[in-house]
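Please look through the sequence and the structure shown below, and then follow this report, which goes from a single residue to the protein as a whole and on to its cores and rings.

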Amino acid sequence: MEAQSSSGLLLSRKRRREGSNGETEEGERLGKIPRCTVGLKHPAPFADELEPAATPYERVNMEEAKRGTPPDRPVRVYADGIFDVFHSGHARALMQAKCLFPNTHLIVGVCSDDLTHKYKGFTVMNEDERYDAIRHCRYVDEVVRNAPWTLTPEFLARHRIDFVAHDDIPYSSAGSDDVYKHIKEAGMFAPTQRTEGISTSDIITRIVRDYDVYVRRNLQRGYTAKELNVSFINEKKYHLQERVDKVKRKVRDVEEKSKEFVQKVEEKSIDLIQKWEEKSREFIGNFLQMFGPEGALKHMLKEGKGRMLQAISPRQSPNSSPTREERSPSPTFRLPFFTKTSPPPSPPPHHSGARGYLISDDDDDADDEN
């Protein structure tokens, strides 16, 4: 029950529904689910390996199935298909079948190779591979090998099937417009939704469309041309194409690296130019500040010139100093050996002695006048 409820939450997390205008709308996302371990440890068993049921088969109707059945009586839902190249579209269809009712036992029928090749076409996987793929799907409880193409009442009764799950699109095959028509008329049909954008035919179409790519891929991985059903000439062609592609990839890598290098050089050159402009502005400003018309050098030269002129020019006397006439007469000094009454003898012509003379500033001025 815990696994079933978790599957229901996963199913309802993202559901695309048709709007009124025909456009698909994104459903509301529910909150995160709690952590729990819902994985199984063993694959689903085959129906022919199970013990037969002891109780008689009594089918439940749709109302009883939706309301919920006892734990020992789950609703047995059957889903069949080819399931070639098992993909997420198959898994989602089986998940929807498992979540149709609160208590569901999912039985999956897989058609054999002979029946599939007769009514639908050749398959990529053989029947054993397809059986094993379905057994390991987490939503499957039981697998029916060699399932019939058209469901008969005997088959439904033998496997105690209550409802058949499939998409509602009419499936025309085996000379019938819809192989599920009688199931729908009996009220045993439970529709599911197809997953758009993925199917076995779509996957095969991708491989066929890109055939050369996948052949070259497998040749690189070690498969031989014989295993791939490739001729000798085509094998050499594919090897040559692979070498050419390698050269192209190398050239492309070199171009990308060169573009990155050029881009880095451009970015660095732009940075260098910006830094050079900033430094040049700063240099020009400093140069003008030093050597410009009003620069520091001119002021230094002016100041030095003024100091030099001041150093070599004579110092002028101050205007307030007295003149010679305004000076007070100097005191008269006499030598101690002479008196004023006895004039001193005339000194010899060749001597400049000062004996017998009065030394004063007045005498000096008289001499200058004479």
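His90 is found in helix H3, which covers residues 88-98, and in this predicted model His90 has a relative accessible area of 14%. Because that value is under the 20% limit, His90 counts as buried. When its neighbours within four places in sequence are set aside, His90 is in contact with Phe83, Asp84, Val85 and Thr200.

The protein around this residue contains 12 helices and seven strands. Of its 370 residues, 27% are buried, and the accessible surface of the protein amounts to about 28,000 Å², with 54% of it belonging to carbon and sulfur atoms. How much of the contacts with a separation of 6 or more comes from residues 24 or more positions apart? Such residues account for 66% of those contacts.

Helix H3 appears again in the largest nonpolar core, since it is one of the elements that give two or more residues to this core. The other elements that do so are strand E3 (75-81), strand E4 (104-110), helix H5 (127-135) and strand E6 (163-167). The core has 24 residues, and those touching the most other members are Leu94, Leu106, Val108, Ile134 and Val140. For Leu106, leaving out residues up to four places away in sequence, the residues touched are Val77, Ala79, Leu94, Ala97, Lys98, Tyr139, Val140, Asp141 and Glu142. Another core, of 15 residues, lies apart from the largest one, and its members include Ile107, Ala147, Phe155 and Val164.

The cysteines can be considered next. Cys99 has a relative accessible area of 18% and Cys137 has one of 8%, so both are buried. The count of disulfides in the model comes to zero.

The structure also holds seven aromatic pairs, two of which are set out here with their values.

| Pair | Centre to centre | Angle between planes | Arrangement |
|---|---|---|---|
| Phe46 and Tyr131 | 6.5 Å | 75 degrees | edge-to-face |
| Tyr119 and Trp149 | 5.2 Å | 25 degrees | stacked |

The pair of Phe46 and Tyr131 links distant parts of the chain, for Phe46 belongs to the loop between strand E2 (24-26) and helix H2 (62-67), while Tyr131 belongs to helix H5, 85 residues apart. Both Phe46 and Tyr131 are buried.

Why does the pair of Tyr119 and Trp149 count as stacked? The planes of the two rings are at 25 degrees, and planes under 30 degrees apart count as stacked, so the pair falls into that class. Tyr119 is part of helix H4 (residues 113-119), whereas Trp149 sits in the loop between strand E5 (142-145) and helix H6 (153-158), so the pair ties together parts that are 30 residues apart in sequence. Are these two residues buried or partly exposed? Tyr119 has a relative accessibility of 34% and therefore counts as partly exposed, whereas Trp149, at 11%, counts as buried.

Rings in this model also have charged groups placed over them. Arg59 lies over the face of Phe163, at 5.0 Å from the ring centre, and the charged end of Lys184 sits over the ring of Phe189, 5.0 Å from its centre.

Definitions and conventions: Residues are numbered from 1 along each chain as its sequence is written. This is a predicted model: local features need pLDDT of at least 70, side-chain atom pairs count only at pLDDT 80 or more; totals for chains, interfaces and linings use all residues. Side-chain values use heavy atoms; hydrogens and water are left out. Helices (H or I, at least four residues) and strands (E, at least two) are DSSP runs, numbered from the N terminus. Buried means under 20% relative accessible area, exposed over 50%, partly exposed in between (1.4 Å probe, protein chains only). Contact means heavy atoms within 4.5 Å. Accessible areas come from the Shrake-Rupley method with a 1.4 Å probe; for residues, only the protein chains shown count as cover. A nonpolar core is a set of buried Ala, Val, Leu, Ile, Met, Phe, Trp, Tyr and Cys residues joined through side-chain atoms within 4.5 Å. A disulfide is a pair of cysteine sulfur atoms within 2.5 Å. Rings of Phe, Tyr and Trp (its six-membered ring) pair if their centres lie within 6.5 Å; planes under 30 degrees apart count as stacked, over 60 as edge-to-face and the rest as tilted. A charge sits over a ring if NZ of Lys or CZ of Arg is within 6 Å of the ring centre and within 35 degrees of the ring normal.
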